[in-house]
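Student: Could you take me through one part of this predicted model in detail, beginning with a single strand and working outward to whatever surrounds that strand? I would like a connected account rather than a list.

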Amino acid sequence: MDSKGHQLDVVFIPYMAPGHMMPMVEISRLFSSHGVKATIITTSINASRFKNIIDGDVKLGRPISILTISLPLMEVGLPEGCQNLASAPDPETTIKLFHAIEMVQPQIENLLTDLKPDCIVSDVLHPWTAYIALQLSIPRLAFSGSCFFSDCVSYCIQQYAPHKEIQLENEEFIVPNLPDQVVLTRSQLPDLVKGKTDFDELFERLREAEKRSYGVLINSFYELEPAYADYSRLQMGKRSWHIGPLSLFNREMDDKAERGDKSSIHTHTCLSWLDSKEPNSVLYICFGSLTRFTKRQLTEIATSLKESANPFIWVVGKVLKSSEDESREEDREEEWWLPRGFEEQMKGSGQGLIIRGWAPQVLILEHPAIGGFMTHCGWNSILEGVSAGVPLITWPIFAEQFYNEKIVTQVLKLGVGVGNKVWKVWATEESPLIEKERIKKAISTVMDDGEEMRKKAKKLSELAKKAVEEGGSSHKDMKALIEELRLYREKSIVQYNTQK
Ligand code: UDP
């Protein structure tokens, strides 16, 4: 409440994909923990992924609620359950879902006009929220889910186009003008950077909308990437507030266990399996919510895990089907495919625990038995690994994941890569095979010889925890933002009254 008894009122509009939605829900919970009235707008199926957690906050007396809207699924020819990018099995469905999500604009605009909030926090993928915020004369804060570093890399590549000087796809180049030497190949750049794609128009709209926004929220902490936070603010001129790591907002066991969706494994089963292992001995493998590998690639991963002989937890994602698979009835059913007999063998020997579907990732990473994390380099996953003090094995696939890999391997030196060099759109195109020898080498570097990296990771984990405590850098930025939004509101009321 401000001095006049007004409670700041903020509406949150997440995108319907786990890596976007979860941190946005955490942002809304963070605002409400500071006494701000928070309203999250999404569909009821998406809300069911986090409703229990919000109910828990309400019981604690926090001013937070969910408002539901409906997705026009029939209009785009999608089944009722397909309301999140994680449930789209192929590119066609993903595009249809994109369209359905765009079509919610009028519903949300009506809600916003009725609610008259003091601020909108919107995912960048809803560019139209910038214009409704302007109409309502309220600030719009954009959230993309990425970090300062990847934003800076993307900016410098756009600005200086170093890849245009390169002859070969796999030739290395240095990204100009960054605080550190960052090396990439053209094959690791998103298609969008290299030529025309179907998404050009959308990304142009996102850029325009960001220019019209009040600022951006970043899920990171200053001590992790100070040179890039400064670069983004001073050289790129971005107004931003760093308020992460957001996953650390989940302090209760239940919040961690239920984060993002209902877990496919009983928490107790998972934790007691981990309790039976030595400290830092277990490798955790998870490629986020959208990645799909082919059966050949899954076989290479399975074989390398078995031959490395480390204990492991592997969250097996859905398989990328070939046209051959599609034609065979029995394969159509096999969403979480593994080589025959692998799971039983690993279970029998006690070496591996397989999770098919959704894992309580934050809870697992925080367990002292975890000694390494093989990740697709989604920013949430990297930050969760860092927050837990775990060194990383990087295996980027698409989006800005190759940029994220470089902060891990080249700047922070917290991990090693399996050596994927080729960016492939979404999780829907087959990537070149990474053979088991390369996977085994990366595993051994981190699990057997990773003491230095582990030490660095543990130090950063302490800094991450401090950043979100009272007086820490992220905590301070959050408080400064709320204060600024309060002043913005008071000023607009004064302006409105003087214009009358
Ligand atoms: N996640 C999880 N359990 C899973 C898979 C993913 O909790 O089985 C969470 C993970 O902790 C992270 C998010 O989903 O917070 C994935 O986001 P990220 O940015 O890493 O990747 P994306 O899924 O967006 O590619």
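Tutor:

**A close look at strand E4**

Strand E4, residues 119-123, is mostly covered in this predicted model, with 5 of its 5 residues buried. Cys119, Val121 and Asp123 point one way from E4, while Ile120 and Ser122 point the other way, and all of them are buried. That division follows a general pattern, in that the side chains of a regular strand alternate between the two faces of the sheet.

E4 has a pairing partner in strand E1 (residues 9-13), to which 4 bridges join it, the two strands running parallel. Within that pairing, isoleucine 13 has serine 122 of E4 as its bridge partner, and phenylalanine 12 stands opposite valine 121. E4 also pairs with strand E5 (residues 140-143), again in the parallel sense and over 4 bridges, and here the bridge partner of isoleucine 120 is arginine 140 in E5. The connection from E4 to E5 includes helix H7 (residues 129-136), and E4, H7 and E5 make a right-handed β-α-β unit.

Seen as a whole, the sheet is open and consists of 7 strands in the order E3-E2-E1-E4-E5-E8-E9, with parallel pairing. Its edge strands are E3 (64-69) and E9 (240-242), each of which pairs on one side only. Neighbouring strands of this sheet are turned against each other by 25 degrees on average, direction ignored. Helix H23 (residues 473-499) lies across E4 and E9, and runs at about 140 degrees to E9.

The side chains met so far lead on to the packing. In soluble globular proteins, nonpolar side chains tend to be buried together. The largest nonpolar core here has 140 residues, and Val121 of E4 is listed with Val10, Phe12, Ile27, Phe143, Tyr284 and Ile393 as the residues that touch the most other members. The largest share of this core, 7 residues, comes from helix H1 (residues 18-33). The core draws at least three residues from each of domain 1 (9-151 + 179-247 + 470-499) and domain 2 (262-461). Tyrosine 284, one of the listed residues, touches Ile313, Ile364, Leu365, Ile370 and Phe373, if residues up to four places away in sequence are not counted.

The two domains come from the domain assignment of the protein, and their C-alpha centres lie 27 Å apart. Their contact takes 32 residues from domain 1 and 26 residues from domain 2. On the side of domain 1 that touches domain 2, the elements giving two or more residues are H1, helix H5 (91-102), helix H8 (148-160) and strand E7 (183-185), and the largest share of that side, 4 residues, comes from H1.

Some backbone details elsewhere are also worth a look. Most residues other than glycine have a negative phi, and most peptide bonds are trans. Glycine 244 and proline 245, however, are joined by a cis peptide bond with omega about 0 degrees, and proline 245 is found in the loop between E9 and helix H12 (253-257). Alanine 161, in the loop between H8 and strand E6 (172-174), has a positive phi near 40 degrees, and this alanine 161 counts as exposed because it has 11 C-beta neighbours inside 10 Å. Asparagine 280, in the loop between helix H13 (267-275) and strand E10 (282-286), likewise has a positive phi, near 55 degrees, and with 17 C-beta neighbours inside 10 Å asparagine 280 counts as partly exposed.

Note on methods:
Residues numbered from 1 in each chain as written. Predicted model: local features only at pLDDT ≥ 70, side-chain atom pairs only at ≥ 80, totals over all residues. Buried ≥ 20, exposed ≤ 12 C-beta atoms within 10 Å, placed from the backbone. Pairing = 2+ DSSP bridges. Right-handed = clockwise from strand over helix to strand, strands pointing away. Axes fitted to C-alpha atoms, helices over the stretch in contact; angles between N-to-C directions. Contact = placed C-beta atoms within 7 Å. Core = buried A, V, L, I, M, F, W, Y, C linked by C-beta atoms within 7 Å. Domains from an automatic or database assignment.
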